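I opened this entry to note helix packing and a few surface side chains. My look-ups follow the display.

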Amino acid sequence: MVNKITVVGAGNVGATAAQRVAEKELARTVVMVDVVEGVPQGKALDQWQSAPIEGFDSRIIGTNGYEESAGSDVVIITAGIARKPGMSRDDLLNTNAGIVKQVAEQVKRTSPNAIVIVVSNPLDVMCYVAKHVTGFPRERVIGMAGVLDTARYRAFLAEALDVSVRDIQAMVLGGHGDTMVPLVSYTNVSGIPVTQLMDRATLDAIVDRTRNGGAEIVKHLKTGSAYYAPSAGAVQMAEAIIHDQKRILPCSAWLDGEYGMKGLYLGVPCKLGRKGLEKIRNKKTFSRRRLQSPRGRTPCAESPQV
Ligand SMILES: NC(=O)c1ccc[n+]([C@@H]2O[C@H](COP(=O)([O-])OP(=O)(O)OC[C@H]3O[C@@H](n4cnc5c(N)ncnc54)[C@H](O)[C@@H]3O)[C@@H](O)[C@H]2O)c1
């Protein structure tokens with residue numbers, strides 16, 4: 001357990017993430033910050049009152065300022081507006097860039113040693129804003145999207161094959177949106193390549209549904225976007241860091257020559273441990289060709305061996 005985790009944004013993703021962090025007792029204190037007066041305070045009080053039932057001792061605090069969050073070990077940024085039907089993640093750019101800039105300034109001031117996990121969309125650009133404004137090294141500014149996209153892909157595969165989600169190994173890399181790349185040729189079920197268990201058309205349909213996984217939920221909800229799986233994704237990353245698990249998870253990371261790219265955030269396989277981003281798995285494992293945008297090609301066409 002670390003001393004303090006702050007979640008910025010007490011909306012759907014943020015409040016659910018704070019509850020998950022507390023239930024897993026990842027930190028002694030969980031601080032939820034939001035600009036709306038009363039919301040983080042009320043939600044935190046409600047969450048804290050679930051502690052005797054759920055049996056956790058992490059203390060949850062809600063606030064409109066950053067003083068209580070000072071010295072956080074990990075900060076999860078979920079502040080910003082969410083998509084509505086018909087909107088793309090890029091439509092959130094201008095509003096959320098301003099919000100993430102404000103948040104990052106406060107994080108830099110009050111928690112200069114924190115590891116930052118960015119969730120706000122459009123993800124890769126918001127990671128850039130957070131890194132630029134805090135001036136933190138790339139090891140300490142990482143984005144959550146690939147974990148979510150991979151979870152969606154695994155859930156759809158488990159459903160189609162009628163097997164446990166635990167037995168499906170997969171990775172979805174690239175951007176968070178229609179440029180994401182589910183790595184079909186690296187997908188297996190307890191070691192058996194998925195291509196031996198499923199016909200091509202079904203697999204292609206699952207890849208397509210994964211790409212549109214967020215929009216499918218927005219269409220149902222009408223007033224907001226997904227938050228149960230996204231909050232679980234952010235907390236899985238926080239857990240890997242806090243418990244120094246050395247997990248290899250698909251995260252948005254600042255590339256500095258890996259895969260032949262430099263100076264941008266992109267979803268790549270990352271080793272997460274106590275230092276944050278400890279290593280990017282480079283092209284010895286995954287070829288650059290597989291990370292490039294699949295536009296104009298079918299996803300399976302990128303992996304000819306499947
Ligand atoms: N990366 C991903 O995979 C992923 C998945 C789901 C959602 N998201 C993104 O996460 C963000 C949050 O989604 P949500 O569903 O929780 O939205 P939400 O509207 O429920 O919550 C957002 C919260 O941010 C707060 N906020 C706004 N400006 C703030 C500021 N300057 N400081 C602190 N708090 C501020 C709002 O008051 C609100 O409570 C959105 O941008 C959404 O697109 C990303």
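Helix pairs and surface residues

I looked first at how α4 and α5 cross, and the crossing is right-handed. The model is a predicted one. I then listed the residues in contact: on α4 they are Leu93, Asn96, Ala97, Val100, Lys101, Ala104, Glu105 and Lys108, and on α5 they are Val125, Met126, Val129, Ala130, Val133 and Thr134. For the geometry, I noted an angle of about 35° between α4 (residues 93-110) and α5 (residues 123-134), with the axes 8 Å apart.

I turned to α6 (residues 146-161) and α7 (residues 200-211), which pack at about 145° with their axes 9 Å apart. From α6, the contact takes in Asp149, Tyr153, Phe156, Leu157, Glu159 and Ala160; from α7, Leu203, Ile206, Val207, Arg209 and Thr210. I recorded the crossing of α6 and α7 as right-handed.

Next I checked the surface. Val35, Val36 and Val39 make a nonpolar patch of about 260 Å². I placed valine 36 in the loop between β2 (27-33) and α2 (39-48). Is valine 36 buried or exposed? Its relative accessible area is 44%, so I entered valine 36 as partly exposed, because that class lies between the 20% and 50% limits.

Last, I looked up isoleucine 53, which sits in helix α3 (residues 51-54). Its relative accessibility is 73%, so I entered isoleucine 53 as exposed, the cut-off being over 50%. I also took its C-alpha to C-alpha distance to leucine 197: the two are 43 Å apart in space and 144 residues apart in sequence.

Definitions and conventions
Residues are numbered from 1 along each chain as its sequence is written. This is a predicted model: local features need pLDDT of at least 70, side-chain atom pairs count only at pLDDT 80 or more; totals for chains, interfaces and linings use all residues. Side-chain values use heavy atoms; hydrogens and water are left out. Patches are made of residues with over 30% relative accessible area and no salt bridge: like charges are joined within 9 Å, nonpolar side chains (Val, Leu, Ile, Met, Phe, Trp, Tyr) within 5 Å. Accessible areas come from the Shrake-Rupley method with a 1.4 Å probe; for residues, only the protein chains shown count as cover. A salt bridge is a side-chain nitrogen of Lys or Arg within 4 Å of a carboxyl oxygen of Asp or Glu. Helices (H or I, at least four residues) and strands (E, at least two) are DSSP runs, numbered from the N terminus. Buried means under 20% relative accessible area, exposed over 50%, partly exposed in between (1.4 Å probe, protein chains only). Axes are lines fitted to C-alpha atoms, for helices over the stretch in contact, and angles run from 0 to 180 degrees between N-to-C directions. A crossing is left-handed if the near helix is turned anticlockwise from the far one by less than a right angle, and right-handed if clockwise. Contact means heavy atoms within 4.5 Å.
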